[in-house]
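Me: I've got a model open and want to know what backs up the labels people put on it. Mind if I ask some "how do you know" questions?

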Amino acid sequence: MAGRLGPPSGRYAGKSAEERKAERRRRFLDAALELFGGGPGYRSTTVAALSEAAGLSTRQFYEEFRTLEDVLAALHLQVNDWAEAAVLTAAAEAAGAPIAQRAAAIFRAYAADVTRDPRRIRIAFVEIIGVSTRLEEQRLARRARWVDLICAEAEAAVARGEAPPRDHRLAATGFIGSVNGLLHDWNAGWVEANLDEVVDELVRQLLAILRPPETPRPAG
């Protein structure tokens with residue numbers, strides 16, 4: 001029939017429903033990065049305040065998230081994903097390089113990513129702490145991924161003959177705690193060093209883990 005309307009396209013203002021949903025989610029996460037990481041913090045932010053900062057309604061908030069904790073969880077994962085992407089890119093570019101050069105490239109990439117925006121450090125190392133059992137499990141799970149990355153680098157160094165074989169997991173777990181603590185304290189102004197000096201120290205620590213001095217054997 002002439003003039004008959006076709007089926008709805010699902011597009012509004014040139015965007016599909018999925019695109020609009022993704023945009024709303026991004027706006028909520030951008031607002032959360034500002035309020036949780038640069039403003040009053042997660043514990044002092046309300047759904048209404050977050051929605052206002054995002055330029056959206058509370059109704060739209062509950063279409064995307066159940067609680068503010070869900071937003072913090074998503075933001076914490078996003079911050080870690082950004083850092084992981086930077087590290088994997090640096091590792092790929094340093095493929096085949098000696099372990100010292102590779103370690104420097106990896107940690108320079110990590111430090112540059114997490115410190116380029118102080119709000120990211122606050123999300124990753126401060127706001128996520130002590131919120132709930134669920135978020136503590138998420139934080140530890142993401143930290144375990146970083147431990148796995150260090151262990152993989154260690155195993156590769158062993159295979160190349162650059163490090164002696166041993167179980168590196170315990171040392172890697174302690175090292176990741178050192179990385180997080182040092183970068184947090186540097187960002188807070190409690191460490192009198194520039195970022196290059198911080199990274200150099202982290203690289204020295206990693207190399208000491210990979211190539212520990214031999215324990216002298218008792219005489220006789």
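Me: What share of the contacts in the protein with a separation of 6 or more comes from residues 24 or more positions apart?

Reply: That share is 67%. Keep in mind that this is a predicted model.

Me: Fine. What makes up the fold, and in which pattern along the sequence?

Reply: There are nine helices and two strands. Reading along the sequence gives β-β-α-α-α-α-α-α-α-α-α. Of the 220 residues, 40% are buried.

Me: Let's talk salt bridges. Why is the pair Asp 81 and Arg 142 called a salt bridge?

Reply: The closest N and O atoms of Asp 81 and Arg 142 are 3.0 Å apart. The cut-off is 4 Å between a side-chain nitrogen of Lys or Arg and a carboxyl oxygen of Asp or Glu, so the pair passes. In broad terms, side chains of opposite charge can pair when their charged atoms come close.

Me: Where do the two partners sit in the chain?

Reply: In distant parts of it: Asp 81 is in helix H4 and Arg 142 in helix H7, 61 residues apart.

Me: Buried or partly exposed: how do you decide for Asp 81 and for Arg 142?

Reply: Arg 142 has a relative accessible area of 8%. Buried means under 20%, so Arg 142 is buried. Asp 81 comes out at 39%, and since that falls between 20% and 50%, Asp 81 is partly exposed.

Me: And what makes Arg 120 and Asp 113 a salt bridge?

Reply: Their closest N and O atoms are 3.2 Å apart, and that is within 4 Å, so the label holds. Arg 120 has a relative accessible area of 13% and Asp 113 has 5%. Each value is under 20%, so Arg 120 and Asp 113 both count as buried.

Me: How do you know that Arg 169 and Asp 148 pair up, and how exposed are they?

Reply: The closest N and O atoms there are 2.9 Å apart, within the 4 Å limit, so this is a salt bridge. The pair links distant parts of the chain, with Arg 169 in helix H8 and Asp 148 in helix H7, 21 residues apart. Arg 169 is at 38% relative accessible area and Asp 148 at 39%. Partly exposed runs between 20% and 50%, so that label fits Arg 169 and Asp 148.

Me: How many salt bridges does the structure hold, and which residues are linked in a network?

Reply: The structure holds 21 salt bridges. Arg 66, Glu 69, Asp 70 and Arg 134 are linked in a network of them.

Me: On to empty space. What makes a cavity a cavity rather than a pocket?

Reply: In a cavity the probe fits but cannot get out, whereas a pocket is an open set of points. With a threshold of 30 Å³ or more, the count is one cavity, and its volume is about 80 Å³. H5, H7 and H8 are the elements giving two or more residues to its lining.

Me: Which residues line the largest cavity, and what is their make-up by class?

Reply: Among them are Val 87, Tyr 110, Trp 146 and Asn 180. The classes split into nine nonpolar, one polar and no charged. Asn is in neither the nonpolar nor the charged list, so Asn 180 counts as polar.

Me: How about the largest pocket: what is its volume, and what lines it?

Reply: About 220 Å³ of space lies in it. Its lining has 17 residues, with His 76, Ala 124, Phe 125, Arg 139 and Asn 180 nearest the centre. By class, that lining has ten nonpolar, four polar and three charged residues.

Me: Last one: which members of the largest nonpolar core touch the most other members?

Reply: Phe 36, Leu 50 and Tyr 110, out of 59 residues. H4 supplies the largest share of this core, ten residues. A core member has to be buried, so Phe 36 must be under 20% relative accessible area. Leaving out residues up to four places away in sequence, Phe 36 touches Leu 68, Val 71, Leu 72 and Ile 123, among others.

Methods:
Residues numbered from 1 in each chain as written. Predicted model: local features only at pLDDT ≥ 70, side-chain atom pairs only at ≥ 80, totals over all residues. Heavy atoms only, no water. 1 Å grid on protein atoms, 1.4 Å probe; cavity = no way out; pocket = protein on both sides within 12 Å on 5 of 7 lines; lining within 4 Å. Points joined across faces, edges and corners; volume = space filled by probe spheres on them. Core = buried A, V, L, I, M, F, W, Y, C linked by side-chain atoms within 4.5 Å. Buried < 20%, exposed > 50% of the residue type's maximum accessible area, 1.4 Å probe, protein only. Helix = DSSP H or I, 4+ residues; strand = E, 2+ residues; numbered from the N terminus. Contact = heavy atoms within 4.5 Å.
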